[in-house]
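Colleague: Could you pick one part of this model and look at it closely with me? I'd like to see how it fits with everything around it.

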2 protein chains.
Amino acid sequence: MAAKTYPQYSTRYPLLLTDFMHRPLSLYPDDIGVVYRNDAGEYFRFTWRQWYKRTCQLAHALKQLGVKPGRPGEPGDRLGAMALNHHRHLELIYAGTCLGAVSHPINIMLSREHMIHTINHAGDSIIFVDEAVLPLLELIYDRIKDTVKTFVYISDRPGRPQTRVAPLYEYEELLKGQPEEFDWPLLSEDTYAVLYYTTGTTGMPKGVMFTHRQLYLQTIHILAAQMMRFHSYAMEFLEWLFTAKAEALGKLIAAGRDPKELLEELKKDFPVLDVPMINIPLFHIHAWGAPWQNVLVANKMVFPGRFSPRAFCEIVQTERVTSTGLVPTMLAMLLEFEDLNKYDLSSLRNIGVGGAALPLGLKAKAEKQFPSFRVSSGYGMTETAAGSIAAALKRHMINWPKEKQDQVRVKTGTPIFGIEARVIGEDGKPVPQDNSTLGEIVLRGHWIMEQYYKDPEKTETAWRDGWFHTGDMAKVDEEGYIVIADRITDVIRSGAEMVPTVLLENLTATCDHVLEATFVGVPDEKWGERPMALVKPVPGASVTEEDIYHFLEVEGLEKGKITKWMLPDFIVFCDNIPKTSVGKYDKITIRKRLDEFLAKAKRMRAPK
Amino acid sequence: MAAKTYPQYSTRYPLLLTDFMHRPLSLYPDDIGVVYRNDAGEYFRFTWRQWYKRTCQLAHALKQLGVKPGRPGEPGDRLGAMALNHHRHLELIYAGTCLGAVSHPINIMLSREHMIHTINHAGDSIIFVDEAVLPLLELIYDRIKDTVKTFVYISDRPGRPQTRVAPLYEYEELLKGQPEEFDWPLLSEDTYAVLYYTTGTTGMPKGVMFTHRQLYLQTIHILAAQMMRFHSYAMEFLEWLFTAKAEALGKLIAAGRDPKELLEELKKDFPVLDVPMINIPLFHIHAWGAPWQNVLVANKMVFPGRFSPRAFCEIVQTERVTSTGLVPTMLAMLLEFEDLNKYDLSSLRNIGVGGAALPLGLKAKAEKQFPSFRVSSGYGMTETAAGSIAAALKRHMINWPKEKQDQVRVKTGTPIFGIEARVIGEDGKPVPQDNSTLGEIVLRGHWIMEQYYKDPEKTETAWRDGWFHTGDMAKVDEEGYIVIADRITDVIRSGAEMVPTVLLENLTATCDHVLEATFVGVPDEKWGERPMALVKPVPGASVTEEDIYHFLEVEGLEKGKITKWMLPDFIVFCDNIPKTSVGKYDKITIRKRLDEFLAKAKRMRAPK
């Protein structure tokens, strides 16, 4: 540990995530800061002081397990987590990163092949695994055991499982007896803190690392950007308050009371605490950065393990949850939940929907159920640690009618301060703000990925002319809002997951009877999009749609190359799959003619 | 200029003030961003695009004048400004700093000797001087002309003055014909941006520099810290809204209308824009950092030249000013202004008072005049670029009654996130949170001064054991709030100015008839504090209070060592001036016995 010597640090005082932990600890040590409810319905509640104590104890345990910190340019030990959303996962994220190691949340929704690749490519030295995820780990154990030297088992119940995974420590046993304080190292701010993998839509998942400085700056910029739009937030808050108190206000008005008494009514039970529920899996870019902002602001964070509508409703009611992030699929499941109206969900005033486009029917349903529901769009990717462009209202729009505002809110938006974004044409120059000319979104700024981990080739493809090339096409409207027009990568977004079309195309093309195959998304009320396969059979082959489906099940699913939700809902045979001039599948044209293909397609699975 | 090459900048994308300019330019180019009203009552208004254009033109002019940028550790050219608060001063601040040079606002309220010292010590290569300040510059010209090579004259009227100050350029002529765009250099974030001088309470003023990184981080942290207290702001906003709309709401209630109609009434003319008036002189730490935050947020900034009650009221009414910072003296002048109630000041909803303690009588008057008036305390100094500790309410205090909240708001507060503060005893350890044990406030963090410019000795005194020692004594209450108890430096704060007691003491002691002399502050409704001299005459000397006063006028004022407002309001002769065990004047005891000394003192000047 470097000595804390000054004044040499006074102009370069390091931007470390470690400082985020200390704010709730010093301001609200005895407030409940972290809540976890498990599948069995048990609640675990921790004050900030207790949470911090446990995080310190874990840091001591990690040191004893030999975890080594990194240096600028050289990552420390990678700590993999095959874990759901709970307090221990949060402890691991902070203990690991603040120690100088790298937090690597493993996406357990990936295909087995991809998961194995990410673990070996990351070189995880330890994997933390949930009781519920252990069977999955056992399936891939033989393929990763040469990389991973240590495993830590996480369970809400004492004891250890019967398993061949070894050496296996138990999380709570590791913490037991450890000192309750930890002397966190004064790291360089350029120390790598996290490693995320892309979903691998165009091949193998790629590794993306961020430093302490990058995540710190992202967090603080996003908060500052919110304050820059204070009046917009204040207006929304006022509307929510009036909706929530409509009945009480009505009575006071009927009784002819003074405006001051109405004000007192509005101030009564005035919410002073944000209670976010973390539904987005932490293995997705740490639930879009949830651990950083919520610990710093000292919000009461509520972890549901994994999302289910019943648990969601129960937790909202019990913990008075105020905000949550959902993918459209979760929202759809929630709105279809039969007992939805049996719960008191009135504390919810901010439901963010992201990760995929929100179908209009779903939006209408949500608005009816939650009066304060507001759709808002945004843009981010693994390479930008999630948030980079957001559809914020400009000042003159704050007084617009809601319908007109919504037309702005569904646009992709403008870059968050701290990020520069351009939409450039093939000449490398920004396209005109004419709401029609297409260009590629390029980015640079404080929290844009530096390089793909151990992949200089792909890095060079993405970073050109001083800008990170996203591969996404957009136009820019007259107000300067960026509007995504198409994804070059043509990913299909099903629920929280991205269906990697190139992988599917390559797999399908290995079938003897198939000449060409491509995949596109078909709008789906529940999942946002579901895959449809367009297949051109080998001329003269006698093959059915069922044969193709069976092939994907046997060669893809059973061999762990794809997961069940990647299997197409529809398959359509066609002699001429539209192609671009360079011979690539022309997905823009396919989407334009989607109804035509869909009419001829065969439905393979009933929607669930 | 360094080439903008990536990805090597992606993890170290520089934190530059230059980026602040681009936000209003890209979001609100055609909104009025900067307004200046001069003493003659003329208004000058600029859109953000116009302001940016002029700033680019000035940058070209500065380059032509030979202004050189700095490097980390080596400041660029220092650009002095002897200027009031107007748009040109703002242009100079941005053009200079974003070019890589150092903005040095010269405190024109210092004594002539101190002013000369700061200019020569800073080594200003150019001085920008207002028409109204030119006579002052002429007075000191001979003593600074070897240092300063170029002068630029700023006036709202065309033409040049008759003056021996040379070479003298004219500001608007410099801008004429310059290109309207500027290719700002990609500086290192560690480039020095500003140079401020302390008031020199304990000797000569000391130079304090901050880098782009430091000012950028301060600005963004302060905004983020505000968002962390969103509910507190929302509550205040709600209270203001109800007060402002009380009449209209009363009518709707009387008519028995629906709560929804009340909401619509509250949303009508909903303020979406902050309009700060910059009354604190820019030569005081750039008006506590006003240029940074307001440009970034794209607030409409209103500059009044210099403060006067009539101009203040007119500008508030004309520009619908929403917020302003005042020192207690300005507030007192405003409340005494005879025509105060002839103006519509209803747009004002945030009056910050700082720089000195707010007398209770003044607070009561202000609350009566401005229903939304809220006193709030804070702590900062030149060495912390102003804001470092603020009296923010904790969450559980948001619903407290106003009186109880005010007791918190007048405390010094807790450190703004980004700054670490401790109150340490003589053993170097934090004092207990018992609201009674005194210790010294020490600081470190992102915007604490690195060193006193060209003064390693004073730097070493201030920076010890890894902490910046403020020289201010405080206690810590049970909630962790720091409460200033005393200033080791014993400064007297008269209006916006600090009366340097050591200077006065040294001067008075040079009088033949004086054996010992010390100065303390006496509470004053208008100025906050005014100086009282305690004098122990040489035994047997036949000397009067008038003699002492006359001596200070002849030897101090006329010789430019002190200014008029440093002359004591009271002089008291006493045989035993209280002293501490180490022989220093014991100001704590003197203040305790203030009434006793005051009763014996002779009033030298009538309060104004």
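Modeller: Quick bit of vocabulary: when I give the bounds of a domain, they come from an automatic or database domain assignment. Also keep in mind that this is a predicted model. For chain A, that assignment gives domain 1 (48-197) and domain 2 (492-603). Their C-alpha centres are 37 Å apart, and the contact between them takes four residues of domain 1 and five of domain 2. On the domain 1 side, that's one nonpolar, one polar and two charged residues.

Zoom out for a second. Chain A has 20 helices and 27 strands. Its radius of gyration is 25 Å, close to the 25 Å that the globule rule gives for 608 residues, so chain A is as compact as a globular protein of that length. The C-alpha trace spans about 75 × 70 × 50 Å along its principal axes, and 49% of the 608 residues are buried.

Now for the part I'd pick: helix H10 of chain A, residues 259-267. Here A:Pro259, A:Leu262 and A:Leu266 are buried. They cover an arc of only 55° around the axis, which means they sit on the same side of H10. What do they pack against? Helices H8 (230-244) and H9 (246-254) of chain A, along with H8 and H9 of chain B. Just past the end of H10 in chain A, A:Asp269 takes a positive phi of about 50°.

That brings us to where the two chains meet. Chain A and chain B each put 63 residues into the contact. On the chain B side, the elements that give two or more residues are helices H1 (18-27), H7 (212-228), H8 (230-244), H9 (246-254) and H10 (259-267), plus strand S18 (439-445). By class, that side of chain B has 34 nonpolar, 18 polar and eleven charged residues.

In soluble globular proteins, nonpolar side chains tend to be buried together. In this model the largest nonpolar core has 288 residues. The members touching the most others are Phe128, Val129 and Ala224 of chain A, and Phe128, Val129 and Ala224 of chain B. Take B:Val129: setting aside residues up to four places away in sequence, its contacts include B:Met82, B:Leu134, B:Phe151 and B:Ile154.

Another buried spot is B:Trp292, in helix H11 (285-297) of chain B. Why does B:Trp292 count as buried? Because 23 C-beta neighbours lie inside 10 Å of B:Trp292, and the cut-off is 20 or more. Beyond its neighbours within four places in sequence, B:Trp292 is in contact with B:Leu17, B:Phe20, B:Leu215 and B:Thr219. B:Thr219 is 73 residues away along the chain, yet the C-alpha atoms of B:Trp292 and B:Thr219 are separated by 6.6 Å.

A few backbone oddities to finish. Most residues other than glycine have a negative phi, and most peptide bonds are trans. B:Ile285, also in H11 of chain B, has a positive phi of about 45°, and B:Ile285 is buried, with 26 other C-beta atoms within 10 Å. In H11 of chain A you'll find A:Ala287, which has a positive phi of about 50°. Finally, a cis peptide bond joins A:Ala166 and A:Pro167, with omega about -10°; A:Pro167 sits in the loop between strands S6 (150-154) and S7 (168-170) of chain A. In chain B, a cis bond with omega about -10° joins B:Ala166 and B:Pro167.

Definitions and conventions: Residues numbered from 1 in each chain as written. Chains lettered and ligands numbered in written order. Predicted model: local features only at pLDDT ≥ 70, side-chain atom pairs only at ≥ 80, totals over all residues. Contact = placed C-beta atoms within 7 Å. Helix = DSSP H or I, 4+ residues; strand = E, 2+ residues; numbered from the N terminus. Nonpolar A, V, L, I, M, F, W, Y, C, P; charged D, E, K, R; others polar. Core = buried A, V, L, I, M, F, W, Y, C linked by C-beta atoms within 7 Å. Buried ≥ 20, exposed ≤ 12 C-beta atoms within 10 Å, placed from the backbone. Arc of directions from axis to C-beta. Rg over C-alpha atoms; globule rule 2.2 N^0.38 Å.
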